[in-house]
Amino acid sequence: MKKLLFILPILLLLIACADANDKKSTKPAKKEKKADVKAPDGKKIFKIHCVLCHGADGKLGINGSKDLTKSEISLEEAITQITKGKGLMASYEPILSKEEIEAVAKYTQSLRE
Ligand code: HEC
């Protein structure tokens, strides 16, 4: 009986914790799903993944990256280059979805003067 009294509070605590974890894990998952439904935001993706080398305006040119405002490649070529990478620019295939790559490629074209 003594043993049971000792185990019972621990058991209740475990159940309470598991319950709390459940609630936490379901909420963010729902949010992610909603974000996926919306079209990817090319500007946001650019700010996260591309500004480092290309700069916010596309002109930075770090590590020999091309000035995106002077880029003349087609949307198709840009998508291929972002997907597969070129020179010092890494492949974004493992990081971004097809839709995200297309959105960010379109955004880089909007930077052109
Ligand atoms: C590590 C630095 C680096 C990062 C980060 C980077 N790039 Fe680049 N990018 C480069 C370099 C270097 C080149 C030139 C490659 C070459 O032609 O040899 C380039 C070229 C390009 C070109 C082709 C321009 C042209 O006219 O040829 C596009 C489009 C481009 N990057 C888009 C992006 C996008 C979109 C992202 C973010 C998803 C990104 N880059 C992230 C370094 C980077």
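Among contacts in the protein between residues at least 6 apart in sequence, what percentage join residues at least 24 apart? In this predicted model, 47% of those contacts do so, and the legends below take up the fold, the iron site, the pocket and one helix residue.

**Figure 1. Overall fold of the predicted model.** The secondary structure of the protein consists of 5 helices and 0 strands, and reading along the sequence gives the pattern α-α-α-α-α. The protein has 113 residues, of which 21% count as buried.

**Figure 2. Close-up of the iron atom of the ligand with His54 and Met89.** The iron atom of the ligand is coordinated by NE2 of His54 and SD of Met89, at 1.9 to 2.0 Å. His54 lies in helix α3, whereas Met89 belongs to the loop between α4 and α5, so that the pair, 35 residues apart, links distant parts of the chain. The site has 6 donor atoms, and with angles of 86 to 180° among them its geometry is octahedral. The two residues can also be described by their accessibility: His54 counts as buried because its relative accessibility is 10%, which is under the 20% limit, while Met89 counts as partly exposed because its relative accessibility is 25%, a value that falls between the limits of 20% and 50%.

**Figure 3. Close-up of the largest pocket and its lining.** The largest pocket has a volume of about 610 Å³. Its lining is made up of 29 residues, and the closest of these to the centre of the pocket are His54, Lys66, Leu68, Gln81 and Met89. Two of these names, His54 and Met89, are also those of the residues that coordinate the iron atom of the ligand. Helices α2 (42-49), α3 (51-54), α4 (75-84) and α5 (98-110) each contribute at least two residues to the lining of the largest pocket. Sorted by class, the lining has 15 nonpolar, 10 polar and 4 charged residues.

**Figure 4. Close-up of Ala78 in helix α4.** Ala78 counts as buried because its relative accessible area is 6%, which is under the 20% limit for that class. When its neighbours within four places in sequence are left aside, Ala78 is in contact with Ile73 and Ala105. Gln109 is 31 residues from Ala78 along the chain, and the C-alpha atoms of Ala78 and Gln109 are separated by 8.8 Å.

Technical notes
Residues numbered from 1 in each chain as written. Predicted model: local features only at pLDDT ≥ 70, side-chain atom pairs only at ≥ 80, totals over all residues. Heavy atoms only, no water. 1 Å grid on protein atoms, 1.4 Å probe; cavity = no way out; pocket = protein on both sides within 12 Å on 5 of 7 lines; lining within 4 Å. Points joined across faces, edges and corners; volume = space filled by probe spheres on them. Helix = DSSP H or I, 4+ residues; strand = E, 2+ residues; numbered from the N terminus. Nonpolar A, V, L, I, M, F, W, Y, C, P; charged D, E, K, R; others polar. Donors = N, O, S within 2.8 Å, 3.2 Å for Na, K, Ca; no water. Tetrahedral: all angles 85-135°; square planar, octahedral: opposite > 155°, others 65-115°. Buried < 20%, exposed > 50% of the residue type's maximum accessible area, 1.4 Å probe, protein only. Contact = heavy atoms within 4.5 Å.
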